[in-house]
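Here's a chain to walk through together. Have the sequence and the 3D view open, and we'll go from one hairpin out to the whole fold.

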Amino acid sequence: MVSQVTRGIKISVSTSFEGTYFKNYKIQFAFSYEITIENHGKDSVQLNTRHWEIFDSLNDIEIVDGEGVIGKKPVLKPGEKHTYSSGCLLASPFGAMRGYFSMVNFTTTRTFKVIVPTFRLSAPFALN
């Protein structure tokens, strides 16, 4: 598990290898990840958008931007947390993801970025 705190918001990520699949006549390696967002600050915040950079050892970097996470824009009061799960497919058994969440502070009305630390995606059978 990797974790990072940005402006009082702690992001923790754990990953799992889910298996291999064939898609469009190519093998794909499926990974899942679970992200926990914890508000350690003194103000309520809301997650509005996400930005991902997905690194695949056999492909170019894929950039993904979107609203919220899994269809939600969670509001976190001080001391609250939100956990969600998602996943991605890679062309190789090795990769990584990193990114940020754009959040708004309800007290100051300012938008700020919360860093999602780089987390590795690796199939256990491919490791030394």
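In the hairpin of E2 and E3, which residue takes a positive phi? That's Asn24, with phi near 55 degrees, in a hairpin that has 2 residues between the strands. Before going further, a word on what you're looking at: this is a predicted model, where local features need pLDDT of at least 70 and side-chain atom pairs count only at pLDDT 80 or more, while totals for chains, interfaces and linings use all residues. Residues are numbered from 1 along each chain as its sequence is written, and side-chain values use heavy atoms, with hydrogens and water left out.

Let's stay with those strands. Strand E2 covers residues 9-23 and strand E3 covers residues 26-39; they run antiparallel and are joined by 14 bridges. If you want to trace the register, Ile9 stands opposite Asn39 in E3, and Ile11 has Ile37 as its bridge partner in E3. On to E1, which also runs antiparallel to E2, with 5 bridges between them. Here Ser3 stands opposite Ser12 in E2. E1 and E2 make a hairpin too, again with 2 residues between them, and Arg7 in the turn has a positive phi of about 50 degrees.

Put these pieces together and you get an open sheet of 4 strands in the order E1-E2-E3-E7, with antiparallel pairing; two strands pair if DSSP finds at least two bridges between them. Strand E1 (2-6) and strand E7 (81-90) stand at the edges with a single partner strand each, so one side of each has no neighbour in the sheet. From one strand to the next, the twist averages 25 degrees, with axes being lines fitted to C-alpha atoms and angles running from 0 to 180 degrees between N-to-C directions. As background, strands of a sheet pair through backbone hydrogen bonds, either parallel or antiparallel.

Now zoom out. The chain comes to 0 helices and 9 strands, where helices (H or I, at least four residues) and strands (E, at least two) are DSSP runs numbered from the N terminus. The C-alpha atoms fill a box of roughly 50 × 25 × 20 Å along the principal axes. Of the 128 residues, 42% count as buried, meaning under 20% relative accessible area, with exposed being over 50% and partly exposed in between (1.4 Å probe, protein chains only). Among contacts in the chain with a separation of 6 or more, 64% come from residues 24 or more positions apart; contact means heavy atoms within 4.5 Å.

Two residues show the two ends of that burial scale. Trp52, in strand E4, counts as buried because its relative accessibility is 3%. Leaving aside neighbours within four places in sequence, Trp52 is in contact with a list of residues including Tyr33, Ile35, Tyr84, Met97, Phe101 and Phe119. Gly66 is 14 residues from Trp52 in sequence, and the C-alpha atoms of the two are 9.0 Å apart.

What about Asp60, buried or exposed? At 69% relative accessibility, Asp60 counts as exposed, and its place is in the loop between strand E4 (45-56) and strand E5 (62-67). Between Asp60 and Thr118, which are 58 residues apart along the chain, the C-alpha separation is 17 Å.
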